[in-house]
Amino acid sequence: MDKPSEKSLNDKNTGDQSVGPPDKPLVLNIREILRNRIPANKFKLIPSFLITSVEKLIRQDELNEILRITFPNRGSEFSKRVLKYLDISVDVKGFDLLPDNTRFMFASNHPLGGLDGITLIAILGQRYGDENIRFLVNDMLMNVEPLKDVFLPINKFGRQGRQASMEINEALASDKQILQFPAGLCSRLGNKGEIKDLEWQKSFVAKAIETKRDIVPLYFDGKNSSKFYKIAKWRKKSGIKFNLEQILLPSEVCKARGKHFNIRFGSPISWQDLKNSGKSPKELAAEIRDIVYSLKG
């Protein structure tokens, strides 16, 4: 893997590897997940071949192999080992130009739905250490146990939602570096054949101004398989609200074997300039999104 700075991502073990690690590798078992979540009288009606088909669709065996060979590593070290297993190479530019001792909010496009986050954790963890980075993610991703130490969950409700909000506010007020995909969902295929994020949520801008963080626009050059985009487009045309294509995201990680990604870090945008711009957070979010895609070159 190409280096993001003067040191290779494989040069050192970063982060705290001792925070609540399991005593054996996790095992993804779709059959057991369904058995535990569906009433027994309904589960027995699901044809076994259908479950087997889902296991093959998400590449369950290969995902479990990744979990096995990366164990017991966590955080950025786990991420680096995933990239090594998949023979992923990365070219990073602009990251080494960022000043030290500055609190940033990294705002990136979200082309892949999984491997982009894993790659960015490896890069940021290399420079700052896992204890100094936090990645705002959908709370469903908290099930990815090796990355729980760097994840901060969002989209929770009730008491859990209040606790998650408190943890997010504490991280934003701290000196930790914050990483976020403001689109929430991963990129989709547009009518003109371009692969781009949907509308960016405005909250990251408001929080950056509130907590006095400069925003670093970040472009990740990558795409999923054509099958993913075809299903997403069909689902939208069919009026189906359930995100069917999301089921394919685990397999997209495995399909990326041997790929090369280009990552471009832009110049920081000061929170003072954002505050004094006279524009709304929604307008600023759209502008920063445009800046991100301009980094593609």
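Me: Strands here are DSSP runs of E, at least two residues long, numbered from the N terminus. Which strand holds Asp214?
Reply: The model is a predicted one. β8 covers residues 214-221, and Asp214 has its place in that strand. The name asked for is β8.

Me: Is Asp214 buried or exposed?
Reply: Buried means under 20% relative accessible area. Asp214 has 17% relative accessibility, so this residue counts as buried.

Me: How many Å apart in space are Asp214 and Ile269, C-alpha to C-alpha?
Reply: In sequence, 55 residues separate Asp214 from Ile269. In space, their C-alpha atoms are separated by 5.4 Å.

Me: Which element gives the largest share of the largest nonpolar core?
Reply: That core has 38 residues. Phe95, Phe106, Leu115, Ile123, Leu124, Ile263 and Phe265 touch the most other members. Several elements supply at least two residues each, among them α5 (75-85), β1 (89-93), β3 (133-138) and β9 (260-265). The largest share, 8 residues, comes from α6.

Me: How many residues are in the second core?
Reply: This core is separate from the largest one. Its members include Leu152, Ala183, Phe204 and Val205. In soluble globular proteins, nonpolar side chains tend to be buried together. The count for the second core is 23 residues.

Me: How many salt bridges does a search of the whole structure find?
Reply: A salt bridge needs a side-chain nitrogen of Lys or Arg within 4 Å of a carboxyl oxygen of Asp or Glu. Over the whole structure, the search gives 17.

Me: Why are Glu32 and Arg35 separated by about one helical turn, and in which helix?
Reply: Their side chains meet in a salt bridge, 3.1 Å from N to O. Glu32 is partly exposed at 33% relative accessibility, and Arg35 is partly exposed at 39%. The two are about one turn apart because they sit 3 residues apart in helix α1.

Me: How many residues apart are Glu62 and Arg257?
Reply: Glu62 and Arg257 form a salt bridge, with their closest N and O atoms 3.1 Å apart. Glu62 sits in helix α4 (residues 60-70), while Arg257 sits in the loop between α10 (249-255) and β9. Arg257 is partly exposed, at 39% relative accessibility. The pair links distant parts of the chain, and the separation is 195 residues.

Me: Which residue is linked with Glu62 and Arg257 in a network of salt bridges?
Reply: The residue lies in the loop between α3 (48-57) and α4. Its relative accessible area is 32%, so it is partly exposed. The third member of the network is Arg59.

Me: What is the phi of Arg59?
Reply: Most residues other than glycine have a negative phi. Arg59 is not a glycine, yet its phi is positive. The value is about 60 degrees.

Me: Which other residue has a positive phi although it is not a glycine, at about 55 degrees?
Reply: Look in the loop between α8 and β8. The residue is exposed, with a relative accessible area of 52%. It is Lys212.

Me: What is the N to O distance between Lys207 and Glu210?
Reply: Both belong to helix α8 (residues 203-210), so their spacing of 3 residues is about one helical turn. Lys207 is partly exposed at 27%, whereas Glu210 is exposed at 55%. Their side chains meet in a salt bridge at 3.8 Å.

Me: Which lysines gather in a patch of positive charge on the surface?
Reply: Lys296 is one of them. Lys296 has its place in the segment after α12 (281-294) and is exposed, with a relative accessible area of 53%. The full set is Lys196, Lys223, Lys259 and Lys296.

Me: How much accessible area does the nonpolar patch of Leu57, Phe242 and Ile247 have together?
Reply: Ile247 is in the loop between α9 (226-237) and α10. Ile247 counts as partly exposed at 35% relative accessibility. Leu57, Phe242 and Ile247 together have about 260 Å².

Me: Which two residues does a cis peptide bond join?
Reply: Most peptide bonds are trans. This one has an omega of about 5 degrees. Its proline lies in the loop between α4 and α5. The bond joins Phe71 and Pro72.

How values were computed
Residues are numbered from 1 along each chain as its sequence is written. This is a predicted model: local features need pLDDT of at least 70, side-chain atom pairs count only at pLDDT 80 or more; totals for chains, interfaces and linings use all residues. Side-chain values use heavy atoms; hydrogens and water are left out. Patches are made of residues with over 30% relative accessible area and no salt bridge: like charges are joined within 9 Å, nonpolar side chains (Val, Leu, Ile, Met, Phe, Trp, Tyr) within 5 Å. Accessible areas come from the Shrake-Rupley method with a 1.4 Å probe; for residues, only the protein chains shown count as cover. Lys and Arg count as positive and Asp and Glu as negative; His and the chain ends are not counted. The place of a charge is taken as NZ of Lys, CZ of Arg, CG of Asp or CD of Glu. Helices (H or I, at least four residues) and strands (E, at least two) are DSSP runs, numbered from the N terminus. Buried means under 20% relative accessible area, exposed over 50%, partly exposed in between (1.4 Å probe, protein chains only). A nonpolar core is a set of buried Ala, Val, Leu, Ile, Met, Phe, Trp, Tyr and Cys residues joined through side-chain atoms within 4.5 Å.
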